[in-house]
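Take a moment to turn the model slowly before reading on. The paragraphs below walk through a few parts of it, one after another.

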Amino acid sequence: MLYTGATNVEHALDAARRGLRVYPLAANTEEPAFPEADTAATTDESQVREWWALWPDANIGIATDNLLAIRIDPRCTDEAFRNTLGILFQQHGGRTGSLVLVGELVGSYVMFELPAGTLVQGQSNFLSEHMSVLSSVDDVLIGPGSTINGLAPYRFHNERSLSPAPSWLLELCGVELPESKKMTNVVPLKRSAAAAPTTAAIKTKLDWALEASQHVPVHPCRWYVDPGPDANPDEREKAIRAAKEPLTKWRYNATQDPEKIRKMWSQWPDANIGGVTDQLLVLDVDKKNGGCETYEFLRLVEDFPETMTNNTQGGGQHLFYAMPAGEPLKNSTHTLGPGIDVRTEGGYVMMPGSTIDGRSYTRANDAPIVFAPAWMIERCKDAKPKSIAAGKRVVEEDDIAIDLFTKWILKRAPYAELGKIDDTTFVVCAQGYDFGCSQETVYEIALGWNETHCDGLGDIERLAVVVESAGRNRRRPIGCSHPLAPGFDAVVIDESKTPTPAEIAAAEAGHEGAWENEPNAIFVDHLKPADLPTGVLPELVEQFARDRARRLGVDAGAPAAALVTALGSLVPAGNRLQMRQLDTEWTVKPILWTAIIGPPGSNKSATINAAMGPVQKLQSAWRKSFAADEHKRKLGETRRATAEKAAKAKPENTDQVFEGGEAEAGKPRFRQKIYNDATTEALAVALCENPEGLLYHADELAGWLAGMDAYRAKGGKDRAFWLQAKEGGDFTVNRKLSERICVENCAISVLGGIQPDKIRALKLGMSDDGLLQRFTPIVIHRSGNGADIAPDTATGERLTKAANAIADAANGALFRFSPEADAELHAVEAFKAKEIARPDASPTLRQWLDKMPNEFGRLSLVFHFIEHYGASGAAGDAVPAVVIGRGTAERARRYLTEFVYSHALTFYLKDLGASTMDEHALWIAGFVLARGLPAISSRDIYRVYPALKSPEKRSLIVATMRVLEMHDWVKPAHADRHGVEDRWTVNPAVHDGRFAEIAATERSRRDGVQERIKLGAAA
């Protein structure tokens, strides 16, 4: 294994020498360093050195298309491994030859090489719930030496190289071998029937085509032909485009007739599947051109109804919407923003089952196709429908037409970037037809443009297709821009379309005074979580929190939140609060999840342990009671056996009283509250024995989150279990090797700590299921070393007494708010609506806010129990009133809105980190402040901002500027010849002094960077 401190290129070479095909990922991410990098993965050491010479800090990606990789979840015990996969390895000669990749938090992988020409489908719950098989098509592996937000997730466990997968393992994983590769000496698989996985038959392209035809007419397209390991990016791009081209006259042959489909795919069994988009509006979200970022932005401001969605081979998506009749739409590119194209009448898209270079198109959901929303139709609608003269020639080609087109090519023609060559070629050819050139002339002049303006020489054969298409799919007459065209104005070719200083000034002047809103404060460095206000908690909790805070040297809010969660877990979880006065169906249970967030040394563990004290004392007493009762029961059994033996009589009546005077005792109940085992089955068994609910406690929640099935690409049953555990209610755990477990009340409170750096690292793999947003995030901070004072024993005794009484309270009662307390619920809902509307709210913060009314109800119910049983002189057997008063509800509302919310803001907008587009927007805003700019252009941005400098990233500039538009920092001032915004006016208010401190900080930081660069150059 490599030495500590080895460089990334050394790690990449080590992986390649082991037989793993590697490629570069962008530094600190899982994203390819260049488009389609995974398709170029190699073991060629010279290529690896060349890549890492360009990107020394690049992470190491491992291609999975030739791997059979079995993931072992961190929670998989040694015993579980031995009893499943371990037995199978032993039966077949051990694990000799397997290459093992080990991860501390995210699991390990046992890897073998697949036979050529085979693929493996991903499987969750493989042999056990903590094992899974990676897909060889769409899964990603990160190699040793890589870092994700400062963490190094993997290392090699041994010195082995990749070896061929054994035949018995291929069979077990459902891998179909090609006929030429099938082995005749396959050892019969030795495993019990109970451990056998269920494997579905691998679908053929015909199967996929028939399935797609249930939604759209289909037609066969070509298949991918690998251009070879030495192919350059242009050649690979050409091979990808070729795999999408139709094999027939698709406009006439596309069909939904099963017999015709079978006939076509019997002729071309490997053909990809094209789906016709007539009468549909299909959004093509292109990841490579920034579509995912644009889609993320649009989802914040527009409604996207759930509809049939497919994943594309390039990491994007196709969203299918039905179109109302008569809407004048056309196929177009970047229609809704950079990277989102529209396919409609006269178009087609690739359907699931199609494969390109080992990557598949797949179904993202099972939703039906729904109608497109009105806003989407309006944005996609062609404002100028075809005229009756569309495509007709209004002037003959002459020298003027040829001269106009030639000058336009020399002075104004756009450059075609890789991935956009077809689109840009279409624009160029369309301009030639506008001037009145013939198809032959357009092709001849476009050939010259192709040699000088394409990012890599474009495909000559493809050029002819685009030239013909641009002439056929016209919406204006041919020759409409010719000076002699009837009814058209003469066209003069300007030297440049760049706006003059006077035009810029005029544009900016035109926007002065037009700013209706003030610019938002988008910088989050100023965010600071609030200290605990006085009077927002039950008196007993506040006394405990302030006493412990003084002695631990922390703010009082963290011990208070931890204690509320601990005591809340003692409230029997069968109790419910009816949230509204008349609606009986909206109820919540006393289940709280709290995460104490802080770096190492912030006293998280001591704070949590202090809050856990009353619960631990109670659980200790339960265990002693159980031990005594169990001892008594076993003693009774011994006496009974002795008496039976002495009497030499058969015990016909099990309730018979023997000489000792003791009847047979039933098995005592094992009461438990605190649980540290996060496995689904263990928790389900414990919940059956403890219907009042459990408290899951972890000093560090990172391991729990990292091992959660919800945060794996293939998902699993943990996700559903834990989401239900926050709500309560029945849940069934199905087990492979034994009977199912039926839980009547799946209710688990959660209390633990986590470091900000670890949760930022985990953020990369988190799914959008809302599990993280179910936590109350409390940011802990030190206030000193803690005071050496005596504990408040009186408060401690009251707390112990209250905890015991709460735990023994009745289970199953229904509570409700008084009419006066109901007003507090309305206040919380109004607060939620106001904060969700704030422009700087991230999607994760909005999800958290959306759950605020339910959390208010849970807190109100917990406060009600604490206040009742924690009051001085309260009788332990008295039942809390079924009506919660306004005072309790007001405290819960203030605690949530005045204290907890400031911590959520800090966590979601600062600690967790903004989205990629938000980070781009913050950088640009800082640049505007530091330089005092009244306006800014796309050129200004990509010249000074390295993150958006590369051609493939420049398409993100418009989407990023829309973020600043939403915050009222800028407004569009100019668009290029294609209608794409390229210059923006800055709101004068950002320079009026309100952001002076931030501006000074940004200037100092940027000047410091420049100074360090100069010093480095001088050295």
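What follows goes from the whole protein to two sheets, a strand pair, a cavity and three loop residues.

This is a predicted model, in which local features need pLDDT of at least 70 and side-chain atom pairs count only at pLDDT 80 or more, while totals for chains, interfaces and linings use all residues. Residues are numbered from 1 along each chain as its sequence is written, and side-chain values use heavy atoms, with hydrogens and water left out.

The protein has 31 helices and 33 strands, where helices (H or I, at least four residues) and strands (E, at least two) are DSSP runs numbered from the N terminus. Of its 1019 residues, 50% are buried, and here buried means under 20% relative accessible area, exposed means over 50%, and partly exposed lies in between (1.4 Å probe, protein chains only). Among the contacts with a separation of 6 or more, 77% are between residues 24 or more positions apart; a contact means heavy atoms within 4.5 Å.

Begin with an open sheet of 3 strands in the order 1-2-7, whose pairing is antiparallel; two strands pair if DSSP finds at least two bridges between them. Because strand 1 (22-25) and strand 7 (141-142) each have a single partner strand, they stand at the edges, and one side of each is left without a neighbour in the sheet. Strand 2 (residues 59-62) is joined to strand 7 by 2 bridges in the antiparallel sense, and the bridge partner of G61 in strand 7 is I142. Helix 1 (residues 8-17) lies across strand 1 and strand 2 and runs at about 15 degrees to strand 2, where axes are lines fitted to C-alpha atoms, for helices over the stretch in contact, and angles run from 0 to 180 degrees between N-to-C directions. Helix 2 (residues 45-54) also packs on the sheet, touching strand 1 and strand 2, and its direction makes about 5 degrees with that of strand 1.

Another open sheet of 3 strands has the order 9-10-15, again with antiparallel pairing. Its edges are strand 9 (218-221) and strand 15 (348-350), each with a single partner strand, so one side of each has no neighbour in the sheet. On average, neighbouring strands of this sheet are turned by 35 degrees against each other, direction ignored. Strand 9 and strand 10 are paired antiparallel over 4 bridges, and P220 has I273 as its bridge partner in strand 10. Which way do the residues of strand 9 point? V218 and P220 point one way, H219 and C221 point the other way, and all are buried. On the other side of the pairing, strand 10 (residues 272-276) is joined to strand 15 by 3 bridges, the two running antiparallel, and G274 has M350 as its bridge partner in strand 15. Helix 5 (residues 205-212) packs on this sheet, touching strand 9 and strand 10, with its direction at about 10 degrees to that of strand 10. Helix 8 (residues 258-267) touches strand 9 and strand 10 as well, and its direction makes about 5 degrees with that of strand 9.

A further pair is formed by strand 3 (residues 67-72) and strand 5, which are antiparallel over 6 bridges, with L67 standing opposite E113 in strand 5. Strand 5 (residues 108-113) is mostly covered, since 5 of its 6 residues are buried.Now consider the empty space inside. Rolling a probe the size of a water molecule over the atoms shows where such space is left. On a 1 Å grid over the protein atoms alone, a cavity is a set of points where a 1.4 Å probe fits but cannot get out, and its lining residues have an atom within 4 Å of a point. Grid points are joined across faces, edges and corners, and a volume is the space filled by probe spheres set on the points. The count comes to 7 cavities of 30 Å³ or more, and the second largest has a volume of about 70 Å³. Its lining includes A595, I597, L701 and F907, and the elements that give two or more residues to this lining are strand 22 (593-597) and helix 27 (886-911).

Finally, look at three loop residues. H967, in the loop between helix 30 (956-966) and strand 32 (970-975), is buried, with a relative accessible area of 5%. Its C-alpha atom is separated by 7.6 Å from that of I522, although the two residues are 445 residues apart along the chain. Most residues other than glycine have a negative phi. Q279, in the loop between strand 10 and strand 11 (280-285), has a positive phi of about 65 degrees although it is not a glycine, and Q279 is exposed, at 62% relative accessible area. N603, in the loop between strand 22 and helix 18 (604-647), has a positive phi of about 70 degrees and is not a glycine either, while its 23% relative accessibility makes N603 partly exposed.

Note on methods: On a 1 Å grid over the protein atoms alone, a cavity is a set of points where a 1.4 Å probe fits but cannot get out, and a pocket is an open set with protein on both sides within 12 Å along at least five of seven lines; lining residues have an atom within 4 Å of a point.
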